[in-house]
Amino acid sequence: MAKLAVPSMFSMRHFLVLSLALNVSLILRTTYYESEEGSKRFCLKKKMMADADSEREGHFIHKARLAISTTFSLVNSTRSGGKERVINLDHGDPTMYERFWRLRGDKTTIIIPGWQSMSYLSDTSNICWFLEAEFAKEVVRLHKVVGNAVTEGRHIVVGTGSSQLILAALYALSSPDAHEPISVVSAAPYYSSYPSMADYQKSGLYKWAGDAESFDKEGPYIELVTSPNNPDGFRRRSMVNRSQGLLIHDLAYYWPQYTPISSPSDHDLTLFTVSKSTGHAGMRIGWALVKDKEVAKKMTKFIELNTIGVSKDSQLRAAKVLKAVSDSCEQENSKNEESFFKYSYKLMAQRWKQLREVVEAGELFTLPQFSPAFCTFFGQEMDPQPAFMWLKCEGDIEDCESFLRGHKVLTRSGKHFGASPKYVRISMLDTDETFIQLIDRLLAIQERE
């Protein structure tokens with residue numbers, strides 16, 4: 001990127017004075033031109049910031065976050081010509097966590113020599129022969145620290161994100177000798193990618209069969225159980241419950257920042273992913289805990305045929321990150337620092353509180369209501385606070401996604417989740433700046449309508 005040339009006659013003092021003048025001018029302009037409705041919006045935002053300050057007082061990063069959020073909100077409110085930038089929250093890109101990891105410095109930095117990880121093989125004695133031992137060790141440790149999954153008597157299969165593992169699981173649970181493809185179902189609203197993942201390759205082994213609640217076909221089937229559910233955040237159990245059913249439990253969001261941990265999950269086939277647990281979506285690492293040895297073998301074979309294993313570099317980096325998370329939990333009291341999960345829970349709690357205040361300020365939108373439950377990890381009763389908001393447009397608005405797109409907020413329509421288009425899914429995991437802009441936009445929309 002080209003650097004801006006600065007004349008030598010300007011000193012740092014000139015720039016500081018100029019910056020101060022511009023900021024004062026910006027605040028005066030905001031005060032002078034703010035309408036009565038805008039003033040109400042500003043007051044509500046100020047109240048939310050005050051609440052956040054009170055809740056996070058003493059935390060070593062909250063002042064920086066609030067300062068940045070306030071600055072971006074002011075800039076967003078005083079754009080020249082009234083132009084609004086497009087806010088894209090269609091995907092669940094977990095950039096919210098970046099600030100935490102930046103503040104951890106080199107605690108998750110690794111150096112990989114050029115000669116390391118050159119072989120395809122990791123451990124030929126393991127069913128999953130491309131699984132790095134260090135990664136497997138940290139997976140087991142993290143589940144033990146959090147208490148969200150049983151790892152004893154399980155085979156660990158690593159994949160390129162949970163998406164590859166879902167396909168591997170479908171392959172492993174299907175019979176090549178069946179006279180027709182096995183039906184794949186999930187209770188609506190289901191994860192929007194399930195239908196396309198099941199049907200994209202037009203496999204003769206399995207096919208998408210829709211909503212599990214209305215599924216009544218006799219014979220074998222595979223049910224995908226997502227808990228907490230994406231998109232609506234509710235805890236789920238299997239719906240069909242017939243003798244020939246095979247279950248895949250997708251527990252990508254079963255972590256204490258999103259939902260109370262009630263007990264360790266104890267299922268035949270369970271999927272987790274680094275992207276939603278720690279925020280490192282770019283690593284493309286997920287893992288499956290598999291009880292049946294033959295199923296683990298078939299999943300490994302699928303990944304072998306698909307990508308000839310999984311990146312060792314990504315596994316080593318993921319192991320370092322998982323270790324840092326576990327360390328932060330075990331050393332929290334002795335080092336007087338918040339653990340990763342406590343930090344993340346507080347941030348999610350703050351966002352959900354702000355969101356509910358905005359939604360309840362009008363009658364245009366509604367949100368799901370969740371019941372608190374005891375969390376074994378935190379040792380107290382906690383409220384669920386999902387990674388996505390499942391927002392409903394009330395009244396005469398029949399297509400909520402199109403309505404919000406008209407206000408330059410990009411979301412994912414409920415129709416992609418097997419639900420009504422009056423609903424949309426919106427990510428709660430974007431940066432602080434984007435989230436504050438979203439709050440500002442939702443307030444403005446309610447005032448206009």
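These legends describe four close-up views of a predicted model.

**View 1. Helix 12 packs against helix 14.** Helix 12 spans residues 340-359, and helix 14 spans residues 432-448. Their axes come within 9 Å and cross at roughly 10 degrees. Angles under 35 degrees count as roughly parallel, so helix 12 is roughly parallel to helix 14. The crossing is right-handed. From helix 12, the contact takes in Leu347, Arg351, Gln354, Leu355, Val358 and Val359. Helix 14 meets them with Asp432, Phe435, Ile436, Ile439, Leu442, Leu443 and Gln446. By class, this contact has 9 nonpolar, 2 polar and 2 charged residues.

**View 2. An open sheet of 4 strands lies beside helix 12.** The strand order is 9-12-15-14, with antiparallel pairing. Strand 9 (365-366) and strand 14 (412-413) stand at the edges. Each has a single partner strand, so one side of each lacks a neighbour in the sheet. Strand 12 covers residues 388-393 and runs antiparallel to strand 9. The two are joined by 2 bridges. In one pairing, phenylalanine 365 has cysteine 393 of strand 12 as its bridge partner. Helix 12 lies across strand 9 and strand 12. Its direction is at about 5 degrees to strand 12.

**View 3. Helix 5 packs with helix 10.** Helix 5 holds residues 133-146, and helix 10 holds residues 312-330. The angle is about 30 degrees, with the axes 9 Å apart. Helix 5 and helix 10 are therefore roughly parallel to each other. Their crossing is left-handed. Helix 5 contributes Glu134, Phe135, Glu138, Val139, Arg141, Leu142 and Val145 to the contact. On helix 10, the contact residues are Gln315, Ala318, Ala319, Leu322, Lys323, Val325, Ser326, Asp327, Cys329 and Glu330. The contact of helix 5 with helix 10 divides into 9 nonpolar, 2 polar and 6 charged residues.

**View 4. Lysine 291 forms a salt bridge with aspartate 268.** Side chains of opposite charge can pair when their charged atoms come close. In this pair, the closest N and O atoms are 3.6 Å apart. The salt bridge links distant parts of the chain, 23 residues apart. Lysine 291 sits in the loop between strand 8 (286-290) and helix 9 (293-307). Aspartate 268 sits in the loop between strand 6 (245-250) and strand 7 (269-273). The count of salt bridges in the model comes to 21.

Methods. Residues are numbered from 1 along each chain as its sequence is written. This is a predicted model: local features need pLDDT of at least 70, side-chain atom pairs count only at pLDDT 80 or more; totals for chains, interfaces and linings use all residues. Side-chain values use heavy atoms; hydrogens and water are left out. Axes are lines fitted to C-alpha atoms, for helices over the stretch in contact, and angles run from 0 to 180 degrees between N-to-C directions. Angles under 35 degrees count as roughly parallel, over 145 as roughly antiparallel, 65 to 115 as roughly perpendicular and the rest as oblique. A crossing is left-handed if the near helix is turned anticlockwise from the far one by less than a right angle, and right-handed if clockwise. Contact means heavy atoms within 4.5 Å. Ala, Val, Leu, Ile, Met, Phe, Trp, Tyr, Cys and Pro count as nonpolar, Asp, Glu, Lys and Arg as charged, and the others, Gly among them, as polar. Two strands pair if DSSP finds at least two bridges between them. A salt bridge is a side-chain nitrogen of Lys or Arg within 4 Å of a carboxyl oxygen of Asp or Glu.
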